[in-house]
Structure formats: C-alpha cells, structure tokens
Amino acid sequence: MLRALLLYLSEARSLRAMAERSSIGRRLSGRFVAGTGVEDALRVTAVLNRAGLSVSIDNLGENVTTAEEARQAAELYRQLLCEVSRKKLNANVSLKLTHMGLDVDPQLALDNVEALVSQAATMDPPNFVRVDMEGSAYTDRTLDLVSKLHEKPENRQRLGAVIQSYLRSSEKDVARLLERGIRIRLCKGAYNEPPEIAFQAKAEVDANYVRLMRTLLKSGAYHGLATHDENIVREAQVFAKRENISKDSFEFQMLYGIRRDLQQELVRDGWRMRVYVPFGAEWYPYLMRRLAERPANLLFVLKNLLRS
Ligand code: FDA
C-alpha cells in the first residue's frame, strides 16, 4: 500500500518540482545521492575506489521533453567520461534512454548514446556505458537500441543492457542478449507494472532472479548481479563456487548508501563489487523509488534532515 503510494508520488510532477527546488529536499536526498554536481560524483567515486569498490556513475534525469535537454544530458556524460579517465578512476557510466531523448526522437537518443559508446571505446583504458532499464513501455525499444549498437564491432563489450526479473518476458530477453554476447545487469525491477507483464509476488520475482542469475553466471560473459538481497547474494556465491565460476568473471552491484556493510564484506572476501552512484539536481523520482522499495528508508532520510 505504502509502496504503491510512494511509486505513485514518484511520478507526481508538481511535488517533484517543489522538492527538487527546495534546500530541505536536497538535504533529504543526501543519503542515496552523491550530490548535485559532477565534482560530487567524482569525489564520492574516488572514496569508494580507495575502499576497493568500482563505480557506475548515473546523472539523474529521465523523460526529457526537448532535443536541447537531451543534448545537454549527453554532453554532461561526455565530460564525465573524460574526467573519469583524467582522474584514473575505476568507474563506468549508467544512463537512461529517455534522458538521452528517446521520447523526443528515437534517432536523437541513438545518436547521443552512440557518440558516448564510441568515446568510451576509444578511451585509455576503454570504458563502458550501461543503458539502464526503465518502465515496460521502453523495454523492447531499449533492448533493440543496445543490440543495434552492439552489432558494430568497435562497440562490442563497450555497452550493456539491464534485465528486470519481475518481467515475465525476461527469460526470453536474456536468451536474445546472450546470443549476441551482450553484457547484462540483472536487477529485480523498480517500476509499477501490471500483473499481465510482471510477477507481483516477491517470491516469484526472487525465483526468476535466481533462475536468470544461474543462466548468466554459466554464460561465460561478464555480467552484473544488482541486488541488496542477502539471500540471493549468498545463493550466487554458493552457485559460483559449486560451478567453478571464478570471482573475477562477474560482479555484484549495489546502490550508493544501501547495504554498505554487505558491500564491504564482499570486497573483503575478494568478490567484485560495483556501486551505482547517482548525482544531479533531478533526484526526486530516484529517491521515491528507493523509498518505495523500503519504506523504512524514510527514517534514514529524516535523520539526514535532523543531522544537517
Ligand atoms: P528487494 O527489494 O527484495 O530487497 C531485498 C533486501 O535488500 C531488503 O530486505 C533490504 O534489506 C535491502 N534493500 C533493498 N532495497 C533497499 C533500499 N532501497 N534501501 C535499503 N535497503 C534495501 N531497476 C530498474 O528497474 N532498472 C535499472 O536499470 C536498475 N538499475 C539498478 C542498478 C543497481 C546497481 C541496483 C542495485 C539496482 C538497480 N535497480 C534498477 C533497482 C532494482 O530493480 C530494485 O528495485 C532494487 O535493487 C531493490 O531490489 P533488491 O534486489 O535489492 O531486493
């Protein structure tokens, strides 16, 4: 009930505008968002790198409505990739197609992402662009775009997709991506989806995650297991050991500020761990989705407010 309300509020435009403009709002988001500027993301990345964690940096933003906004978003990612390389950080980038202009003009989004992937491919060392997955209205278009760009030999392994285990179609989509050798981040899924297309019960979403996780780990390509679910993390560790899958042939991924204890434990035990670090002024929908996943986070958020 609370989850549904928070997900509903995550799409409330007027609330979003008010929250993002207020200084209280920015303080509230501090636990889960690195800050508003590129320098904040780079600073947090350097700290995480020093602790043995790799990073994926995400500039918060989605559903832009003009070509100019999409170009500005792509330009910021261009600068980000340059800075990561200049500062020799261990970080790639994550982006959303609707931030790159998918709703404005699919060709614009394709051009923006292609330019970033080319940049990542020619960097020293080469970098990587992860295309986040949004609501189900975008699933096919997102996978098509990633597949199309990945077909070009110079882009191979330089971009990857995301699969959500709550979608009933994910098994088929995983098979399609694996055929093409595309790297996958597996997550449960963060949007409000109807029962026709998405499992509703946590047990079903989790069971599908574990099924897909096994397929990915046995595929031989380098994938990311994005979850804070300790049971699933343990299951992956046991499976990898049993199947002789080496610790460096895949990575765990978690969100900035969530289960930091588990993140550190995994690094200590020699597993690869990547932290997804979001930054930017447009933090409202992201924060609301995190609160929806775990309404107890409201307490963290309120503590942040009291502390400052
Ligand atoms: P689940 O929600 O079942 O939670 C399991 C346990 O994890 C909880 O009991 C709690 O202990 C902990 N936990 C989970 N969420 C928490 C939170 N917000 N705060 C504190 N503790 C929490 N989604 C998507 O649709 N498209 C995408 O591209 C991505 N990308 C992405 C990248 C990375 C690196 C991660 C980790 C996640 C995503 N997601 C995503 C979000 C994902 O789909 C999912 O909504 C969240 O990860 C929560 O699901 P869990 O797997 O953590 O399990």
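Leaving aside its neighbours within four places in sequence, which residues is Leu255 in contact with? The legends below start from the whole model and end with that residue.

**Figure 1. Overview of the predicted protein chain.** This is a predicted model: local features need pLDDT of at least 70, side-chain atom pairs count only at pLDDT 80 or more, and totals for chains, interfaces and linings use all residues. Residues are numbered from 1 along each chain as its sequence is written, and side-chain values use heavy atoms, with hydrogens and water left out. The protein chain has 13 helices and eight strands. These are DSSP runs numbered from the N terminus: helices are H or I with at least four residues, strands are E with at least two. The C-alpha atoms fill a box of roughly 50 × 45 × 40 Å along the principal axes. The radius of gyration is 18 Å, which agrees with the value near 19 Å for a compact globule of 308 residues. That radius is taken over C-alpha atoms, and the globule rule is 2.2 Å times the number of residues to the power 0.38.

**Figure 2. Surface and interior of the protein chain.** Of the 308 residues, 55% are buried. Buried means under 20% relative accessible area, exposed over 50%, and partly exposed in between (1.4 Å probe, protein chains only). The accessible surface comes to about 14200 Å², and carbon and sulfur atoms hold 53% of this area. Areas come from the Shrake-Rupley method with a 1.4 Å probe; for residues, only the protein chains shown count as cover.

**Figure 3. Strand E2 (residues 91-95) beside strand E1 (residues 54-59).** The two strands run parallel, joined by four bridges. Strands pair if DSSP finds at least two bridges between them. Ser56 stands opposite Asn92 in E2. Five of the five residues of E2 are buried. Ala91, Val93 and Leu95 point one way; Asn92 and Ser94 point the other way.

**Figure 4. The cis peptide bond between Asp124 and Pro125.** Omega is about -5° for this bond. Pro125 sits in the loop between helix H6 (106-121) and strand E3 (129-131).

**Figure 5. Positive phi at Gln157 and at Arg259.** Neither title residue is glycine. Gln157 has phi near 65°. Its loop lies between helix H7 (139-151) and strand E4 (159-164). Gln157 is partly exposed, at 31% relative accessible area. Arg259 has phi near 50°. Its loop links strand E7 (250-255) and helix H11 (260-268). Arg259 is also partly exposed, with a relative accessible area of 28%.

**Figure 6. Helix H12 (residues 284-293).** Nine of its ten residues are buried, so the helix is largely enclosed by the rest of the structure. Among them are Tyr284, Pro285, Leu287 and Met288. Two arginines, Arg289 and Arg290, are also on the buried list.

**Figure 7. The surroundings of Leu255 in strand E7.** Leu255 counts as buried, at 15% relative accessibility. Outside its neighbours within four places in sequence, Leu255 is in contact with His228, Gln263, Val275, Tyr276, Tyr286 and Arg290. Contact means heavy atoms within 4.5 Å. Tyr286 and Arg290 are buried residues of H12. Val55 is 200 residues from Leu255 in sequence, yet their C-alpha atoms are 9.6 Å apart.
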